[in-house]
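Subject: Handover of a structure and its findings

Dear colleague,

Please find the structure below, together with its sequence. The findings follow directly after it, and I would ask you to read them with the structure open.

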Amino acid sequence: MGSTSDLPVMEKAAKLLDEMHVPFEMNALSAHRTPEAVEEFAKQAAGRGLRVIIAAAGMAAALPGVIAANTTLPVIGVPVKGSVLDGVDALYSIIQMPPGIPVATVAINGAMNAAILAVQMLALSDAELADRLAHYKESLKQKIVKANEELKEVKFEYKTN
């Protein structure tokens with residue numbers, strides 16, 4: 001995260017990763033305030049066993065791009081709402097990466113989708129994780145099926161004047 005103020009957004013990713021039994025770490029690293037620490041983190045990430053990085057930032061949102069510039073690991077950017085531009089500035093900052101420095105980008109405050117995308121990447125080489133992901137996706141489907149069934153019970157009485 002660019003700062004701990006991003007934690008309420010990133011908690012959704014943490015909860016999903018925990019539910020999927022995917023080990024993770026959380027850090028507050030600022031591309032502008034602690035650039036050396038960001039570079040060190042990114043350069044050492046693969047050697048420490050990380051396989052995907054989710055990077056959240058608001059406003060200028062340089063963090064995901066700086067990390068992507070310093071690692072060969074996939075980076076998923078989460079633009080964080082929080083400025084007078086409601087996160088659109090962060091979205092544009094993250095999606096407008098130069099050729100050769102890709103950052104997969106999810107919706108503004110889309111931490112849960114970032115976690116799901118990371119799990120999908122990891123599940124390509126982990127059959128047990130792929131099974132947990134399939135179960136999770138099925139549970140999403142079942143929630144909608146159940147909601148639709150409940151809606152059938154809603155009755156309206158039309159009145160004419």
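In what follows, two residues are said to be in contact when heavy atoms lie within 4.5 Å. Please also bear in mind that this is a predicted model.

I begin with helices α1 and α5. In α1, the residues V9, M10, K12, A13, L16 and L17 meet A111, M112, A115, I116 and V119 of α5. By class, this contact comprises ten nonpolar residues, no polar residue and one charged residue. The axes of α1 and α5 cross at roughly 35° and come within 7 Å. The crossing of these two helices is right-handed.

Helix α5, which covers residues 111–123, also packs with helix α6, which covers residues 127–151. Their axes are 8 Å apart, and the angle is about 140°. Angles over 145 degrees would count as roughly antiparallel; α5 and α6 are therefore oblique to each other. Unlike the previous pair, whose crossing is right-handed, α5 and α6 have a left-handed crossing. On the α5 side, M112, I116, V119, Q120, L122 and A123 take part, and they meet L129, A130, L133, Y136 and K137 in α6. Nine of the residues in this contact are nonpolar, one is polar and one is charged. M112, I116 and V119 of α5 appear in both contacts, with α1 and with α6.

I turn now to the pockets. The largest pocket holds about 630 Å³ of space. Its lining consists of 29 residues, and P23, F24, E25, L50 and V52 are the closest to its centre. Two or more lining residues are contributed by each of α1 (7–19), β1 (53–58), α3 (63–69), α5 and α6. Which element gives the largest share of this lining? It is α1, with four residues. Sorted by class, the lining of the largest pocket has 22 nonpolar, three polar and four charged residues.

The second largest pocket has a volume of about 370 Å³. Of the 21 residues that line this pocket, S3, R33, A57, G58 and M59 lie nearest its centre. Its lining is made up of ten nonpolar, eight polar and three charged residues.

To locate these features, you may wish to start from α5, which meets α1, packs with α6 and helps to line the largest pocket.

Yours sincerely,
A colleague

Notes
Residues numbered from 1 in each chain as written. Predicted model: local features only at pLDDT ≥ 70, side-chain atom pairs only at ≥ 80, totals over all residues. Heavy atoms only, no water. Axes fitted to C-alpha atoms, helices over the stretch in contact; angles between N-to-C directions. Parallel < 35°, antiparallel > 145°, perpendicular 65-115°, else oblique. Left-handed = near helix turned anticlockwise from the far one by under 90°. Nonpolar A, V, L, I, M, F, W, Y, C, P; charged D, E, K, R; others polar. 1 Å grid on protein atoms, 1.4 Å probe; cavity = no way out; pocket = protein on both sides within 12 Å on 5 of 7 lines; lining within 4 Å. Points joined across faces, edges and corners; volume = space filled by probe spheres on them.
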